[in-house]
Amino acid sequence: MLQSVAESNSIKSTLALAPAVYIVGAGPGDPELLTVKAQRILSQADVILFADSLVPEQLLGMVRPEAEIVATANQTLEEILPIAIERVRSHKSVVRLHSGDPSLYSAIGEQMRLLSEANIPFEVIPGISAFQAAAAKLKVELTVPGLVQTIILTRISGRTAVPPQEELASLAAHQASLCLYLSARHVTSAQEKLLQHYPAQTPVAICYRLGWPDEEILIVPLAEMAATTQATKLIRTTLYVISPALAAEAARSRLYHPEHAHLFRPARQTTETKQKDNLA
């Protein structure tokens, strides 16, 4: 007899975590946007290494009372990794709690390499990224039929350089839905580069601390992006969404259109096509 999903999850929740490092995406900040797997691992782990400058403390409300919690905002990789390695070798489970999704701007590549070299097992648990949370808050689809079908996730060159072929101005030439991370302190330069290709009236969503209690979202024309950022001092933890989709008129995809056939649904005639057939 097959186990139900609920039964399977219940059994998992009672099992102790294997000694390993669990790199967990905390999402943009809202504890309710954690995945079920992330919640389960957080609630079972022996040690939590969390980036306290980027992850709200509310997420720690689900950890075990006896769990060891280590804030890492003031630590370097050379200080953080030895803690994780020592705890796993002491047969403990360790969560490395990152903001957003670990695949984006989280520096997990170097962590995974060092863990592998130390023969420490690890697992990566994805999380909701800020651009996804922004689209949900804005109630928009970033890929609109006939208008924009590409999403670019990028940043401007700053203390961390961007490869020449990925310079913001060249990416802006696509006029895609562009989600700009880690760039608020260079917003004037970013605006200049974007204006080389996007119309000045292109809507920009300035998304500050998405999912946090002090979240703020402002929608302004691209030409006002820098001035608004500076006037409101929304510098840290700010995501920009630059997209014609933010001002899109009604559009319909082919996916659920009656004339669009696929494996599970044959094409159906609409009133318009029936009239054409009758005239023929």
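Is E215 buried, partly exposed or exposed? With a relative accessible area of 26%, E215 is partly exposed (buried means under 20% relative accessible area, exposed over 50%, and partly exposed in between, with a 1.4 Å probe and protein chains only).

The structure is a predicted model, in which local features need pLDDT of at least 70 and side-chain atom pairs count only at pLDDT 80 or more, while totals for chains, interfaces and linings use all residues. Residues are numbered from 1 along each chain as its sequence is written, and side-chain values use heavy atoms, with hydrogens and water left out.

**First selection: K137 and E215**

Keep E215 selected and add K137, with which E215 forms a salt bridge (a side-chain nitrogen of Lys or Arg within 4 Å of a carboxyl oxygen of Asp or Glu). The closest N and O atoms of this pair are 3.5 Å apart. K137 belongs to helix α5 (residues 130–138), E215 to the loop between β8 (203–208) and β9 (216–221), and the two are 78 residues apart. Helices (H or I, at least four residues) and strands (E, at least two) are DSSP runs, numbered from the N terminus. K137 is partly exposed, at a relative accessible area of 47%.

**Next: E123 and K37**

The structure holds seven salt bridges, and another is found between the side chains of E123 and K37, at 2.6 Å from N to O. Here strand β5 (residues 122–125) supplies E123 and helix α2 (residues 36–44) supplies K37, so that distant parts of the chain, 86 residues apart, are linked.

**Next: R64 and D46**

Select R64 and D46, whose side chains meet in a salt bridge of 2.7 Å, N to O. Because R64 lies in the loop between β2 (47–50) and β3 (68–71) and D46 in the loop between α2 and β2, the pair ties together parts 18 residues apart in sequence. R64 is partly exposed at 24% relative accessibility, and D46 is partly exposed at 23%. Add E66: salt bridges with shared partners join D46, R64 and E66 into one network.

**Last: the sheet**

Display the strands in the order β3-β2-β4-β1-β5; these five form an open sheet with parallel pairing (two strands pair if DSSP finds at least two bridges between them). β3 and β5 each have a single partner strand, so one side of each is left without a neighbour in the sheet. Within the sheet, β1 (residues 21–25) and β4 (residues 94–98) pair in the parallel sense over five bridges. Finally, select V24, which stands opposite L97 in β4.
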